[in-house]
Amino acid sequence: MASRSAIIIGAGIVGLATARALAAQGFSVKVFERSDRAVGASIRNFGMIWPIGQPVGKMYDRAMRSRNIWKEIAPRAGFWHEAAGSLHLAYHPDEWQVLQELHDQFRREGRGVRLLDKAAVVAASGAVRGEGLLGGLHSSDEVIVDPREAIGSLPGWLAEQYKVEFFWGKCVSYISDQIVYIGNEEEYEADLIFICNGADFETLYPEHFSEQPVTKCKLQMMRLVSQPDDWRIGPALCGGLSLIHYKSFTAAPSLAALKERYAAEMADYLQWGIHVMVSQNGRGELTVGDSHEYGLTHDPFDKDFINRMIIDYLRRFACFKDWAVTETWNGVYAKLTDGEADLFFSPEPYVYVINGVGGAGMTLSFGLAEELVAGL
């Protein structure tokens, strides 16, 4: 590329991944963030890097590339990570059937999965409830970080490694002719400008966002207390409802029948988009969620009944040493409505919007940014 300078707007995971990709190609990079630190969806998630949820081909390859980048950066940037893997659990014959079908399909695709019987599941995780358990599908691909720690550490590492400059508490008002304006007094020019603005469709180029197939998703999550005596759950754990959430699982022929049963027996869970997962960070705390509500404007308040539904379902497959909830929160992220996995467009010359990774920002952003920068 002839251009050698770039400005990025937004210091969430998409913006940070884009900064890395550009800097690695020799660009001088400046990042502008309206807050004093990243506080959006990028720190309000499980910290799961989750290739198992991505369908074979481009998306799985992108997820695996992102996973490998996370594993390279974490020890250098000094934040905790664990190649914990994942464990999907079956307590009903139709769930077990789906897991068996996925195992066969994923093995053909070359994924590192194993089908475990009840005894093997219990051996893999002391946090799994054994009563009624039929078995589980274990994947070795997944990595866990603490998103608050990781997103907080990445700017310092990017500054040290690539001389990326960060401008905190700077809200970009508008862009014109490759110049970024902060209010009416400050201005910065670059060859390329990238807008990584998450769920903020209103500040920059709102008329362009209104033409895109994009909405917003609100999720509710919780954090449980650090478990006593350094007790670990092992792999990230997922109940049966997660099987109808990820695109990769549509490879199972029996999935439609499973979804029909859920619709008949658990309509309230489907109404609120609830599927239940749990990950554990380096301090032993458990992150639990989540729900999905869609629309351009969301009630800022959490719904207690949703949190209770999540915990009730979690108790069906998990048993912890301490169930005390220390924090609850909600997050809002951009979600495409046309089934695509990312949104990339140019509202004016040399200005690019990167958005729409949905709830898979931690899983896909590093790989996506490399692809987009390479393709410019």
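A nonpolar core is a set of buried Ala, Val, Leu, Ile, Met, Phe, Trp, Tyr and Cys residues joined through side-chain atoms within 4.5 Å. Keep that in mind for the first stop. The model you have open is predicted.

**Stop 1: the cores**

Select Leu314 and Phe320. In the largest nonpolar core, which has 60 residues, these two touch the most other members. Now colour helix H9, residues 304-317. H9 gives this core its largest share, seven residues.

Stay on leucine 314 and show its surroundings. Which residues does leucine 314 contact, leaving aside neighbours within four places in sequence? They are Val276, Val278, Val288, Phe320 and Trp323.

Next, select Leu22, Phe27, Ile49 and Met362. They are among the members of a second, separate core of 44 residues. As a general point, nonpolar side chains in soluble globular proteins tend to be buried together.

**Stop 2: helix H3**

Select residues 93-109, which form helix H3. Its end C-alpha atoms are 24 Å apart. That agrees with the expected span, because 17 residues at 1.5 Å a residue should also give 24 Å.

Show the side chains. The buried residues of H3 include Trp96, Val98, Leu99, Leu102 and Phe106. Charged residues are on the buried list too: Asp94, Glu95 and Glu101. What do the buried residues of H3 pack against? Strands E5 (86-90), E6 (113-117) and E7 (135-139), together with helices H7 and H9.

Step just past the end of H3. Glycine 110 takes a positive phi there, about 90°.

**Stop 3: salt bridges**

The whole structure holds 20 salt bridges. Visit three of them.

Start with aspartate 94 and arginine 261. Their closest N and O atoms are 2.5 Å apart. Aspartate 94 lies in H3 and arginine 261 in helix H7 (residues 255-265), so the bridge ties together parts that are 167 residues apart in sequence. Are these two partners buried or exposed? Aspartate 94 has a relative accessible area of 16%, so it is buried. Arginine 261, at 15%, is buried as well.

Move to glutamate 285 and arginine 283. This bridge has its closest N and O atoms 3.0 Å apart. Glutamate 285 is buried, with a relative accessible area of 17%. Arginine 283 is partly exposed at 46%. Then go back to H3 and add Glu95 and Glu265 to your earlier pair. Salt bridges with shared partners join Asp94, Glu95, Arg261 and Glu265 into one network.

Last here, select arginine 65 and glutamate 370. Their side chains meet in a salt bridge of 2.8 Å, N to O. Arginine 65 is in helix H2 (residues 58-77), glutamate 370 is in helix H10 (residues 361-375), and 305 residues separate them. Arginine 65 is partly exposed at 32% relative accessibility. Glutamate 370 is partly exposed too, at 24%.

**Stop 4: rings**

Turn to the aromatic side chains. The structure has 18 aromatic pairs. Zoom in on phenylalanine 32 and phenylalanine 167. Their ring centres are 4.5 Å apart and their planes meet at 10°, so the pair is stacked. One ring comes from strand E2 (residues 28-33), the other from strand E9 (residues 165-168), so the pair ties together parts 135 residues apart in sequence. Both residues are buried. Add Tyr188, and you have a cluster linked by ring pairs.

Another stacked pair is phenylalanine 201 with phenylalanine 209, at 5.2 Å centre to centre and 10° between the planes. Phenylalanine 201 is buried at 7% relative accessibility. Phenylalanine 209 is buried at 3%.

Keep phenylalanine 201 in view and select lysine 216. Lysine 216 lies over the face of that ring, 5.1 Å from the centre. For a second example, select arginine 4. Its charged end sits over the ring of phenylalanine 27, 4.8 Å from the centre.

**Stop 5: backbone details**

Finish in the loops. Between strands E17 (286-289) and E18 (293-294), find aspartate 290. A cis peptide bond joins it to glycine 289, with omega about -5°.

Lysine 163 is in the loop between helix H5 (147-162) and E9. Its phi is positive, near 60°, in a residue other than glycine. Lysine 163 is exposed, at 64% relative accessibility.

Aspartate 177 sits in the loop between strands E10 (174-176) and E11 (179-182). Its phi is also positive, about 55°, though it is not a glycine. Aspartate 177 is exposed, with a relative accessible area of 59%.

Conventions
Residues are numbered from 1 along each chain as its sequence is written. This is a predicted model: local features need pLDDT of at least 70, side-chain atom pairs count only at pLDDT 80 or more; totals for chains, interfaces and linings use all residues. Side-chain values use heavy atoms; hydrogens and water are left out. A salt bridge is a side-chain nitrogen of Lys or Arg within 4 Å of a carboxyl oxygen of Asp or Glu. Helices (H or I, at least four residues) and strands (E, at least two) are DSSP runs, numbered from the N terminus. Buried means under 20% relative accessible area, exposed over 50%, partly exposed in between (1.4 Å probe, protein chains only). Rings of Phe, Tyr and Trp (its six-membered ring) pair if their centres lie within 6.5 Å; planes under 30 degrees apart count as stacked, over 60 as edge-to-face and the rest as tilted. A charge sits over a ring if NZ of Lys or CZ of Arg is within 6 Å of the ring centre and within 35 degrees of the ring normal. The expected span of a helix is 1.5 Å times one less than its number of residues. Contact means heavy atoms within 4.5 Å.
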